[in-house]
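Subject: Handing over a structure, with notes

Dear colleague,

I am passing on to you the structure below, and I have set out after it what was found there. Please look through it at your own pace before reading on.

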Amino acid sequence: MSMNAFRYLIVRVQKYSGVSLFFLALLWFSMISCLEIQGQQRSTEVKADFYAEISANRDSIVVGDSCIVSVILYSNLPFESVEQMPRNLQFAKDVRVHLIPTDREQQQVRTSRGVYYALAWQHYRVSRKDMGIIVWPEMQFSAEVGIYQAVEDDFWNFFSFAPTMRLIEKRKVKCKAPKFSLPVVERPKRSTQDILRSGRQVM
């Protein structure tokens, strides 16, 4: 029963029978129960989709230089909590890794799968002293995502541009980060023309 139908019913009942407030309250709670049942039925139809992506701001890095590697989490439902396994990643001894402070605030973005919630989980600054490949350790994530339902309340919605949302269910999901590697190449040698442009004298 919608809010308009409920208001119409109240007017008709008051006009023809002068029903008590107790009966009106009973009708109100009955309507709320019906909405809760409908919300539970809708929640069972929603399938949670959760995945991770790893990317760098460069396709490769030069020996001694560094780049930023980002781990981003995506879900079609809003995040409630996230855990990483293992908590501390183990890299090769010749790889230097520094954690960059990351503001873990989710926002809606458009992806190839549709509009998803994106959470920047962690940014890393990585480098290596010699040539080779930086291989990213295995990462797994466990998350709780929420299913929300709009609360039909004309009084509150009158003073708000957005409807009031109520959490009706939490779901546990897991995903594994894809394999990721970053090549480390030799610094390109400078030509004679490059040296002349820099103002150095060639013997």
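A first point to settle is a small one: in which strand does Tyr-51 lie? Tyr-51 belongs to strand β1, and I will come back to this residue once the overall picture is in place. Please keep in mind throughout that this is a predicted model.

The whole protein

The protein has 203 residues, of which 31% are buried, and its secondary structure consists of 4 helices and 11 strands. Among the contacts with a separation of 6 or more, 72% are between residues 24 or more positions apart. The accessible surface amounts to about 14300 Å², and carbon and sulfur atoms account for 54% of that surface.

The nonpolar cores

In soluble globular proteins, nonpolar side chains tend to be buried together. Here the largest nonpolar core contains 31 residues, and Leu-73, Phe-79, Trp-136, Met-139 and Phe-141 are the ones with the most contacts inside this core. At least two residues of the core come from each of β1 (50-56), β3 (66-75), β4 (79-85), β7 (114-128), β9 (140-151), β10 (164-176) and β11 (181-185), while β7 gives the most, with 5 residues. If residues up to four places away in sequence are set aside, Phe-79 touches Phe-50, Leu-73, Tyr-74, Gln-106, Tyr-117, Leu-119, Ala-143, Glu-144 and Val-145. Apart from the largest core lies another one, of 6 residues, which include Tyr-51, Tyr-116, Ala-118 and Ala-120.

Three residues to look at

Returning to Tyr-51, this residue counts as buried because its relative accessibility is 11%, below the 20% under which a residue is called buried. Not counting neighbours within four places in sequence, Tyr-51 is in contact with Ile-72, Leu-73, Tyr-74, Thr-111, Arg-113, Tyr-116 and Cys-175. Tyr-51 and Gln-140, which are 89 residues apart in sequence, have their C-alpha atoms 9.9 Å apart in space.

Ser-127, which lies in strand β7, is likewise a buried residue, with a relative accessible area of 14%. With residues up to four places away in sequence left out, Ser-127 touches Ile-61, Asp-65, Ser-66, Asp-94, Val-95, Arg-96 and Ile-134.

Is Asn-76, by contrast, buried or partly exposed? Asn-76 has a relative accessibility of 24% and therefore counts as partly exposed, and its place is in the loop between β3 and β4. Beyond its neighbours within four places in sequence, Asn-76 is in contact with Lys-47, Ala-48, Asp-49, Tyr-116 and Tyr-117. For Asn-76 and Lys-47, which are 29 residues apart in sequence, the C-alpha to C-alpha distance is 8.6 Å.

A pocket

Finally, the second largest pocket has a volume of about 150 Å³, and the residues that line this pocket are Gln-84, Arg-87, Asn-88, Leu-89, Phe-91, Leu-99, Arg-104, Trp-121, Gln-122 and Tyr-124. These lining residues divide into 5 nonpolar, 3 polar and 2 charged, and β7 gives the most to the lining, with 3 residues. Strand β7 is thus worth following through the model, as the strand that gives the most both to the largest core and to the lining of the second largest pocket.

With best wishes

Conventions:
Residues numbered from 1 in each chain as written. Predicted model: local features only at pLDDT ≥ 70, side-chain atom pairs only at ≥ 80, totals over all residues. Heavy atoms only, no water. Buried < 20%, exposed > 50% of the residue type's maximum accessible area, 1.4 Å probe, protein only. Contact = heavy atoms within 4.5 Å. Areas by Shrake-Rupley, 256 points an atom, 1.4 Å probe, with all protein chains shown as cover. Core = buried A, V, L, I, M, F, W, Y, C linked by side-chain atoms within 4.5 Å. 1 Å grid on protein atoms, 1.4 Å probe; cavity = no way out; pocket = protein on both sides within 12 Å on 5 of 7 lines; lining within 4 Å. Points joined across faces, edges and corners; volume = space filled by probe spheres on them. Nonpolar A, V, L, I, M, F, W, Y, C, P; charged D, E, K, R; others polar.
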